[in-house]
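Open the model in a viewer and keep the selection panel at hand. The stops below are meant to be followed in order.

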Amino acid sequence: MNLMSIPISELLYSFPELEVTLEKYTRSLHSVKSLNLHQFFSTLDTQLSTCKSEIKQVFTDVFYSRYKELPIEQKIHLIVSQFHSQHRELLPVIINNAREVEYKYAEHPACPIGLSRILSDFSDDLCGHMDQEEHFLFPPLLARGEEGLFPIIAVTHHSHDRHMHVMADIEELTNDLVAPEGIGAPWVTLYEQLNELFLQLYIHILLENTLLFDE
Ligand SMILES: [Fe+2]
Ligand SMILES: [Fe+2]
């Protein structure tokens, strides 16, 4: 699943709910339909962070409304197949790219020094968390609902809060994931991949909190 890199025209076909939000940030929706969300965000200035937050929320609400009536086994299957697998695939690539950017642009004043290390720790934490969910949380949840699972659900909520904090810290380190103007491909690509990962991780966390534990 790719939400940030496909043209807005295609995105609106799958997520028509985005139209109202996008219209708030452009004079002509038609003129931005050939852009993807990365390119659209680069047209915004002071409105960027508000727009990003709203888009995240719209996606989350859409996924929630699509998943909420499904049986729990399908919810879990979709979370694992759409979100866990995407994070596992993307994280090693992003860490390598972060290493390259830190090496290549070490002298640049906006270089996100230390990012690859933070991402590497984050990857270990997030992958460990997803393994735990798949082995120790989802199977009993499928078997008998939330009964007796309070301690592990509490730990899961705690991990989700921690992951939200790490994403916020990384956004602070990276100028809200906006690469310097005119900078080379590795840096731009790195921030695009991080924007995609963070959007999907945000949706993933909110879906688990609301669909699996708050029912
Ligand atoms: Fe998960
Ligand atoms: Fe989780």
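**Stop 1: Phe-40.** Select Phe-40 and the C-beta atoms around it: 20 others lie within 10 Å, so Phe-40 is buried. The model is a predicted one, and the cut-off for calling a residue buried is 20 or more such atoms. Phe-40 is part of helix H4. Leaving out residues up to four places away in sequence, show its contacts, which are Ile-8, Val-32 and Leu-35. Next, draw a distance between the C-alpha atoms of Phe-40 and Ile-8; the viewer should give 8.6 Å, for two residues 32 apart along the chain.

**Stop 2: Ile-8.** Move the selection to Ile-8. Which residues does Ile-8 touch, not counting those up to four places away in sequence? They are Leu-22, Val-32, Lys-33, Leu-35, Asn-36, Leu-37 and Phe-40.

**Stop 3: the nonpolar cores.** Ile-8 and Phe-40 both belong to the largest nonpolar core, which has 22 residues. Together with Leu-37 and Phe-59, they touch the most other members of that core. To see where the core comes from, colour helix H1 (8-14), helix H4 (37-42), H5, helix H6 (72-104), helix H7 (115-144) and helix H9 (185-212), each of which supplies at least two of its residues. Domain 1 (8-66) and domain 2 (71-212) each contribute at least three residues to this core. A second core, separate from this one, has 18 residues; for a start, select Val-101, Leu-119, Trp-187 and Ile-205, which are among them.

**Stop 4: the two domains.** Colour residues 8-66 as domain 1 and residues 71-212 as domain 2. The distance between their C-alpha centres is 21 Å. Across the boundary, 8 residues of domain 1 are in contact with 10 residues of domain 2. On the domain 1 side, the element that gives the most is helix H5 (residues 48-67), with 7 residues. Sorted by class, that side of domain 1 has 4 nonpolar, 3 polar and 1 charged residues.

**Stop 5: Ile-55.** Stay on helix H5 and pick Ile-55, which lies in it. Is Ile-55 buried or exposed? Ile-55 has 22 other C-beta atoms within 10 Å and is therefore buried. Beyond its neighbours within four places in sequence, Ile-55 is in contact with Leu-18 and Thr-21. Then draw the C-alpha distance from Ile-55 to Leu-199: the two are 144 residues apart along the chain and separated by 8.9 Å.

**Stop 6: Pro-16.** Go to the loop between H1 and helix H2 (19-24), where Pro-16 lies. Pro-16 has 10 other C-beta atoms within 10 Å, so this residue is exposed. A C-alpha distance drawn from Pro-16 to Val-62 gives 9.6 Å, with the two positions 46 residues apart along the chain.

**Stop 7: Asn-175 and Asp-176.** Select the loop between helix H8 (150-173) and H9, and find Asn-175 there. What is the phi of Asn-175? Phi is near 55 degrees, a positive value in a residue that is not glycine. With 12 other C-beta atoms within 10 Å, Asn-175 is exposed. Asp-176 is in the loop between H8 and H9 as well. Asp-176 also has a positive phi, of about 60 degrees, although it is not a glycine. Its count of C-beta neighbours inside 10 Å is 14, so Asp-176 is partly exposed.

**Stop 8: the whole chain.** Zoom out and switch to a cartoon view. The protein has 9 helices and 0 strands. Its radius of gyration is 18 Å, close to the 17 Å that the globule rule gives for 215 residues, so the protein is as compact as a globular protein of that length. Along the principal axes, the C-alpha atoms fill a box of roughly 55 × 40 × 25 Å. Buried residues account for 26% of the 215 residues. Of the contacts between residues at least 6 apart in sequence, 75% join residues at least 24 apart.

**Stop 9: confidence.** Finally, colour by pLDDT. The mean for the protein is 94, and 98% of its residues reach 70 or more. Confidence is lowest in helix H3 (residues 29-32), with a mean of 94, and highest in H6, at 97.

Note on methods:
Residues are numbered from 1 along each chain as its sequence is written. Chains are lettered from A and ligands numbered from 1 in the order in which they are written. This is a predicted model: local features need pLDDT of at least 70, side-chain atom pairs count only at pLDDT 80 or more; totals for chains, interfaces and linings use all residues. Domain bounds come from an automatic or database domain assignment. Two residues are in contact if their C-beta atoms, placed from the backbone, lie within 7 Å. Helices (H or I, at least four residues) and strands (E, at least two) are DSSP runs, numbered from the N terminus. Ala, Val, Leu, Ile, Met, Phe, Trp, Tyr, Cys and Pro count as nonpolar, Asp, Glu, Lys and Arg as charged, and the others, Gly among them, as polar. The radius of gyration is taken over C-alpha atoms; the globule rule is 2.2 Å times the number of residues to the power 0.38. A nonpolar core is a set of buried Ala, Val, Leu, Ile, Met, Phe, Trp, Tyr and Cys residues joined through C-beta atoms within 7 Å. pLDDT is the predictor's confidence in each residue, from 0 to 100.
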